[in-house]
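Open the model in a viewer and keep a selection prompt at hand. The stops below run from the domains to the interface and then to the symmetry.

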2 protein chains.
Amino acid sequence: MASTIRLVFFGTGGSWPSPERNVMSIGLQVDSDVLLFDCGEGTQRQMMLTNMSFMKIKKIFITHYHGDHFLGLAGLVQTMALNDRKDPLEIYGPSGTVDILTKYLSIGYYSLTFPIKLYEIEGGEILDFGDYTISTLRTLHPVPSLAYCFKEKDIPRIDKKKADQYRLDSKILEKLRKEGAIVHNGKTIRIEDVMGGIRRGRKIVYSGDTAPFSEMEKFAEDADILIHEATVESSLEDKANQYGHSSARQAALIAKKAKVRELLLVHISPRYKNANLLEKEAKQIFPNTKVVKDLQEIIVRVRKNQSSE
Amino acid sequence: MASTIRLVFFGTGGSWPSPERNVMSIGLQVDSDVLLFDCGEGTQRQMMLTNMSFMKIKKIFITHYHGDHFLGLAGLVQTMALNDRKDPLEIYGPSGTVDILTKYLSIGYYSLTFPIKLYEIEGGEILDFGDYTISTLRTLHPVPSLAYCFKEKDIPRIDKKKADQYRLDSKILEKLRKEGAIVHNGKTIRIEDVMGGIRRGRKIVYSGDTAPFSEMEKFAEDADILIHEATVESSLEDKANQYGHSSARQAALIAKKAKVRELLLVHISPRYKNANLLEKEAKQIFPNTKVVKDLQEIIVRVRKNQSSE
């Protein structure tokens with residue numbers, strides 16, 4: 001059984017909040033663990049409007065230290081403490097993270113009830129968390145800034161006919177899948193003996209803030225979902241690029257070249273009451289595009305043609 | 001003509017936000033100037049849902065440095081800068097303000113486009129801002145914490161009959177009211193010559209966070225509006241008092257002793273989905289009580305029996 005992976009968008013706006021969109025924050029739940037990507041001001045309250053619990057956050061990944069991406073951290077951490085959290089919280093971010101967050105999270109009066117572990121990332125690392133990895137890419141933005149890639153690990157797919165030859169029930173098969181080899185009825189059986197290919201793990205990429213650049217195409221290659229910033233419409237893209245941002249059109253070009261399955265646009269400028277124009281411009285290049293709304297939930301399903309080699 | 005004074009409640013919840021209430025922040029508009037009392041996380045976005053402009057804020061008064069009262073400051077200041085504010089911003093708060101806010105407002109990457117002036121207050125001061133004063137009181141809370149009193153200055157009331165004797169039109173009367181004395185048709189006329197009493201200035205008190213204490217009764221004496229914290233119901237007041245908070249019942253006792261005109265309850269604990277019980281308990285002691293809702297607006301009218309001596 002594949003894990004349930006779902007995304008909830010707590011904020012989809014860029015630069016500052018608007019009545020329509022809060023600033024950036026995205027939750028990714030894999031089984032019962034919640035990973036949070038960015039934590040703009042107001043994220044804790046947005047989470048309370050959904051069924052993804054802020055108390056279940058295990059790791060937070062900050063793309064960079066512009067206010068619209070991290071100024072909800074202090075409030076979130078303090079509310080966790082007031083609710084007597086004991087579990088450690090890991091926070092990852094680009095260079096500067098330890099200095100900035102040590103200072104930021106010490107401001108005002110409160111008592112922390114749990115340990116916070118800060119990790120600083122240069123870009124290019126692959127962090128292995130067991131069932132999944134998080135890889136990172138330095139983006140084109142005026143301050144140290146990262147894109148993140150969540151990649152569920154590939155899982156050997158069992159060929160039922162082969163398994164039946166060894167008379168392995170589902171419990172024993174799960175053990176075999178985990179351990180790679182077992183002894184069954186006195187015989188050593190290796191995973192290869194019953195395998196019928198690979199179920200490819202799901203891949204979700206979040207660009208953070210960035211001007212368009214070719215490394216992103218490789219980073220997002222073949223992703224199930226590319227969540228890309230799309231601050232403005234195409235007529236404003238030159239200026240946006242100078243400030244380290246992309247247009248919806250440019251995000252779509254990257255999605256197309258990276259051959260992703262679906263493109264979700266976020267970090268919409270507060271100038272847009274609705275983002276119809278942005279979605280339209282992107283769809284002309286990459287049809288499977290959506291501008292995400294605040295509080296929207298998306299279940300990330302296993303790709304059918306990913307289920308076997 | 002009396003100035004328009006209105007209050008807008010951007011957040012009325014205590015400790016942490018809930019779907020029903022954001023954390024503390026109250027706007028007071030007097031003519032076109034906006035004063036902000038407390039600035040919990042998410043205040044800027046709450047303001048955007050009302051017709052009180054965050055760009056018009058002249059002064060911010062922070063009661064204390066628990067997160068639910070100030071963690072919206074950085075985002076607000078950064079959004080003002082991104083919107084190219086030039087006017088200076090004054091921020092007042094209890095002891096610790098200069099250290100805490102200098103550190104807090106320097107975190108992350110942004111460029112300030114306007115000067116911020118920080119003022120530290122011990123409690124007991126009266127700040128004179130021309131048409132009104134702000135006086136302060138140290139409250140009963142575990143960290144340095146203030147209550148604030150906005151007091152419009154008393155204005156000489158013109159006796160129409162007396163003014164008619166001197167043939168003074170409204171423009172000249174306004175000049176006389178401002179300057180105290182004028183020369184008109186070769187004659188010196190003093191304000192006393194045309195006065196028929198005093199229009200008493202409106203008085204609005206905000207308690208901030210506090211356990212109940214008798215100094216608050218004096219501080220709030222005869223106020224038009226007392227905005228008092230009411231974290232819990234009466235059955236929980238002992239524990240609340242230990243943490244430096246009040247029950248709705250205790251807030252009502254203060255309103256009654258202080259003989260205020262109206263009591264507005266705020267800083268409602270997130271445990272309450274609705275605050276009916278709190279309002280009911282307070283009304284039994286002080287009938288003219290309301291538990292305020294987020295985004296509620298209240299026009300502060302001149303008291304009829306305040307219009308003359």
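Start with chain A and colour domain 1 (5-154 + 201-299) and domain 2 (156-197), the bounds coming from an automatic or database domain assignment. The centres of domain 1 of chain A and domain 2 of chain A, taken over C-alpha atoms, are 39 Å apart.

A note on conventions: this is a predicted model, in which local features need pLDDT of at least 70 and side-chain atom pairs count only at pLDDT 80 or more, while totals for chains, interfaces and linings use all residues. Residues are numbered from 1 along each chain as its sequence is written, chains are lettered from A and ligands numbered from 1 in the order in which they are written, and side-chain values use heavy atoms, with hydrogens and water left out.

Next, select the residues of chain A in contact with chain B (heavy atoms within 4.5 Å). The selection holds 41 residues of chain A, facing 41 residues of chain B. The two chains bury about 3100 Å² between them, 62% of it on carbon and sulfur atoms; buried area is the accessible area (1.4 Å probe) lost on putting the two parts together, summed over both. Show Glu41(A), Arg45(A) and Tyr109(A) as sticks: in chain A they lose the most area to chain B, together 25% of what that side buries.

Now look for polar pairs across the interface. Twelve residue pairs, both members at pLDDT 80 or more, are in polar contact (N or O atoms within 3.5 Å, one able to donate a hydrogen and the other to accept it; residues adjacent in sequence count only if both atoms are side-chain atoms). Select helix 3 (73-82) of chain A, a DSSP run of H or I of at least four residues, numbered from the N terminus. Helix 3 of chain A gives the most to the side that touches chain B, with six residues.

Finally, superpose the chains by least squares on C-alpha atoms of residues with pLDDT of at least 70 in both. A turn of 180° and a shift of 0.0 Å along the axis lay chain A on chain B with an RMSD of 0.1 Å, which means a two-fold axis relates them. Centre on Gly42(A), the residue of chain A closest to the rotation axis, at 2.5 Å (C-alpha).

Technical notes
Helix = DSSP H or I, 4+ residues; strand = E, 2+ residues; numbered from the N terminus.
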